[in-house]
Amino acid sequence: PSSFDFTPSPTPLPTLTTAVTYTFYAEHSADKSMADVTYDMEYGVRGVLDSFMKDTSNPLYVHVVKDRLVVTAVVAKIVSAMDVGYLCIPEAPKTCTAVSILVEVVHLDTVSSDEILYDLLNQSDDVQKELTVEGYEVEYVGSRAVETDSEVTLSGVPDREMGGSEQEYFAQVAKDFLNNQVVSDNDSLQILAVTVNGQEITADSAVGVRRRLQRANRINVSVKGQYKPPPKIDFGEVVEESINRDRELLKKELTSRPPPASVEGDLSEVPEFADYFADADVVGARELKKPEPARVFVTMNNDQESDDGLKNILNYAAFGIAGLIFLLTGVFFLRPRRFKAMFRSKSGDYHMDTQAVDVEEDQMAALKAQSRRDMGYHDDEDYIYTSHASMNSGYDQGRSSINQGRSSIRNPSMTPSRGPAYSDQVHMSQTSRGQYSANY
């Protein structure tokens with residue numbers, strides 16, 4: 001065959017390997033061996049990452065398409081509670097195991113390892129959510145991605161924005177500076193990337209022979225890092241304080257030569273590059289707080305408004321009725337006589353504790369007794385005896401009158417004249433029956 005038919009093997013593209021560690025507390029039954037736990041957790045994490053890399057809305061999918069991101073290894077191992085920082089107390093009879101899972105990925109060098117590491121750590125909460133391994137309850141306790149936006153102001157710069165190479169230089173210097181300056185209680189805070197998001201040229205208050213050519217540049221940067229709690233930190237405040245604490249050092253690093261190796265070419269020989277940072281001075285930095293989400297106001301139609309108005313009226317009416325009932329209840333219980341009966345002193349006669357609140361019946365009995373005494377009766381027994389005697393006398397007279405009437409009907413010749421005596425007998429009979437009914 002001809003030598004022209006030879007097809008050279010493709011030149012392999014340069015790649016990078018990035019490793020990230022996910023740490024979990026896994027609560028499970030006590031009969032599971034450590035080998036079972038590590039295998040189950042490896043299988044679960046690998047499945048979650050594969051689903052993320054197929055999800056078009058996930059940042060990892062973008063790296064798969066653009067940077068050929070591939071997961072090459074997932075290895076789990078058992079670690080101690082000292083590595084986590086706090087204990088796990090499971091519900092009996094279960095047990096809790098700390099599991100560290102190392103994930104290795106390979107990608108093109110079109111993206112830095114630090115950016116891939118940040119995006120993988122930024123999935124930690126979602127990994128915990130989607131990690132559904134039967135028989136396990138997991139809690140993510142490893143390193144987390146942190147991010148903040150800051151504004152760094154440089155004065156004494158030319159009257160223009162930084163170019164692409166100058167932005168890369170500034171970002172690399174700021175990243176190295178922050179990694180040496182940031183402080184955390186457990187020394188786990190690491191700056192992964194600094195990116196320039198925007199610039200704003202303003203008037204410079206500096207004086208000098210080059211005053212007309214100098215301005216101030218407010219540089220909006222995004223700072224990304226990783227941190228392993230506890231304790232929690234305010235990452236934006238840490239970045240702001242780190243820059244303001246030693247502005248002179250940051251100025252010295254910006255104006256020093258040569259530029260970082262990550263910036264292609266020897267930019268110190270480029271006049272524009274040398275001029276931009278030659279007289280630069282770091283004014284300070286401040287955290288850019290993210291605006292709170294805007295409140296959403298729902299517009300209602302007329303029917304909804306009328307329904308809500310009717311509901312409000314009914315609610316107010318119900319509240320009014322409830323208040324009236326409460327007021328009347330209070331008035332009832334706080335009447336003077338009832339109040340005295342409920343809250344009288346215990347130092348008085350013990351009979352007072354059982355005395356009725358309403359004494360109308362006692363007053364009526366006293367009036368009846370007084371009436372009997374006015375009639376000449378000395379006590380209740382005399383009154384009852386006299387009443388019974390009167391009743392019996394009237395009853396006998398009434399029976400006698402009735403018998404006489406019956407006899408007259410049988411023998412008309414014996415019918416007495418209807419004179420006063422007969423009327424008196426009938427009246428006495430009715431009176432006696434009335435008294436009998438009143439007493440019994």
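These notebook entries record what I looked up in a predicted model.

**Entry 1: the disulfide**

I began with a search of the whole structure for disulfides, and the search returned one. As a reminder to myself, a disulfide is a covalent bond between the sulfur atoms of two cysteines. Here the partners are C88 and C96, and their sulfur atoms lie 2.0 Å apart. I then asked why this disulfide is called right-handed. The reason is that the torsion about the S-S bond of C88 and C96 is about 90°.

Next I looked up whether each cysteine is buried or partly exposed. C88 has a relative accessibility of 23%, so I noted C88 as partly exposed. C96 has a relative accessible area of 18% and is therefore buried. The cut-off that separates the two cysteines is 20%, since buried means under that value.

**Entry 2: the four-stranded sheet**

I turned to the strands. In general, strands of a sheet pair through backbone hydrogen bonds, either parallel or antiparallel. In this model I found an open sheet of four strands with antiparallel pairing, in the order β2-β3-β1-β4. Which strands stand at the edges? They are β2 (70-79) and β4 (137-140); each has a single partner strand, so one side of each is left without a neighbour in the sheet. I also recorded that neighbouring strands of this sheet are turned by 30° against each other on average, direction ignored.

I then examined one pairing in detail. Strand β1, residues 15-28, runs antiparallel to β4 and is joined to β4 by four bridges. For E27, I identified E137 in β4 as the bridge partner.

Finally, I checked what lies across the strands. Helix α1, residues 34-54, lies across β1, β2, β3 (95-108) and β4. The helix α1 runs at about 150° to β2.

**Entry 3: S150 and helix α7**

I located S150 in strand β5, which covers residues 144-158. The relative accessibility of S150 is 0%, and therefore S150 counts as buried. What does S150 touch, leaving out residues up to four places away in sequence? I listed I219, N220, V221, V239, R286, E287 and L288.

One of these contacts, V239, led me to helix α7, residues 235-245, where V239 is among the buried residues. The others I noted as buried in α7 are F235, G236, V238, S242 and I243. The buried residues cover an arc of only 165° around the axis, which puts them on the same side of α7. I added a general point: an α-helix has 3.6 residues a turn, so residues three or four places apart point the same way.

Technical notes
Residues numbered from 1 in each chain as written. Predicted model: local features only at pLDDT ≥ 70, side-chain atom pairs only at ≥ 80, totals over all residues. Heavy atoms only, no water. Disulfide = S-S within 2.5 Å. Buried < 20%, exposed > 50% of the residue type's maximum accessible area, 1.4 Å probe, protein only. Pairing = 2+ DSSP bridges. Helix = DSSP H or I, 4+ residues; strand = E, 2+ residues; numbered from the N terminus. Axes fitted to C-alpha atoms, helices over the stretch in contact; angles between N-to-C directions. Contact = heavy atoms within 4.5 Å. Arc of directions from axis to C-beta.
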